[in-house]
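Me: I am new to this structure and would like a close look at a single part of it. Could you walk me through the largest pocket, and through what surrounds it?

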Amino acid sequence: MQLAVPPPVTVVIDRHDDAIHTHTALAAHHPPSGRITLHPGPGTTSETGLAHDLLAA
């Protein structure tokens, strides 16, 4: 039995929370084609909070 190779994952971090970047990333969100944009919840300042948002996505 052959195991399926998962597609690559790309993580983009917008440290300055630029509005143009955020709008572009959210517009690219399209789960049927494998594109998921995660916008962390307000006040997410820890790795644990970000991990929770990733798992929820």
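Reply: Here is a walk from the whole chain to the pocket, and then to some residues of the two helices.

A few words on the ground rules come first. This is a predicted model, in which local features need pLDDT of at least 70 and side-chain atom pairs count only at pLDDT 80 or more, while totals for chains, interfaces and linings use all residues. Residues are numbered from 1 along each chain as its sequence is written, and side-chain values use heavy atoms, with hydrogens and water left out.

Let us begin with the chain. There are 2 helices and 0 strands in the chain; helices (H or I, at least four residues) and strands (E, at least two) are DSSP runs, numbered from the N terminus. The chain is more spread out than a compact globule, because its radius of gyration is 14 Å, well over the 10 Å that the globule rule gives for 57 residues. That radius is taken over C-alpha atoms, and the globule rule is 2.2 Å times the number of residues to the power 0.38. Along its principal axes, the C-alpha trace spans about 45 × 25 × 15 Å. Buried residues are 4% of the 57 in the chain, where buried means under 20% relative accessible area, exposed over 50%, and partly exposed in between (1.4 Å probe, protein chains only). The accessible surface comes to about 5400 Å², and 62% of it belongs to carbon and sulfur atoms. Such areas come from the Shrake-Rupley method with a 1.4 Å probe; for residues, only the protein chains shown count as cover.

Now to the pocket itself. The largest pocket has a volume of about 1200 Å³. Of the 28 residues that line this pocket, Val11, Val12, Ile13, Leu38 and Pro40 are the closest to its centre. A pocket here is found on a 1 Å grid over the protein atoms alone, as an open set of points where a 1.4 Å probe fits, with protein on both sides within 12 Å along at least five of seven lines; lining residues have an atom within 4 Å of a point. Grid points are joined across faces, edges and corners, and the volume is the space filled by probe spheres set on the points.

What is the lining made of? By class, it has 15 nonpolar, 9 polar and 4 charged residues. Ala, Val, Leu, Ile, Met, Phe, Trp, Tyr, Cys and Pro count as nonpolar, Asp, Glu, Lys and Arg as charged, and the others, Gly among them, as polar. Helix 1 and helix 2 (47-56) each supply at least two residues of the lining, and the largest share, 4 residues, comes from helix 1.

Next, helix 1. Thr22 lies in this helix and counts as buried, at 16% relative accessibility. Leaving out residues up to four places away in sequence, Thr22 touches Asp14, Asp17 and His39; contact means heavy atoms within 4.5 Å. Leu26 is also in helix 1 (residues 19-27), and is partly exposed with a relative accessible area of 39%. With the same neighbours in sequence set aside, Leu26 touches Thr37 and His39.

Helix 2 comes last. Leu50 is found there and counts as partly exposed, at 36% relative accessibility. Beyond its neighbours within four places in sequence, Leu50 is in contact with Leu38, Pro40 and Thr44. The C-alpha atoms of Leu50 and Leu38 are separated by 9.5 Å, with their positions 12 residues apart along the chain. His52, in helix 2, is exposed with a relative accessible area of 56%, and its C-alpha is 9.1 Å from that of Pro40. Leu54, in helix 2 as well, is exposed at 51%.
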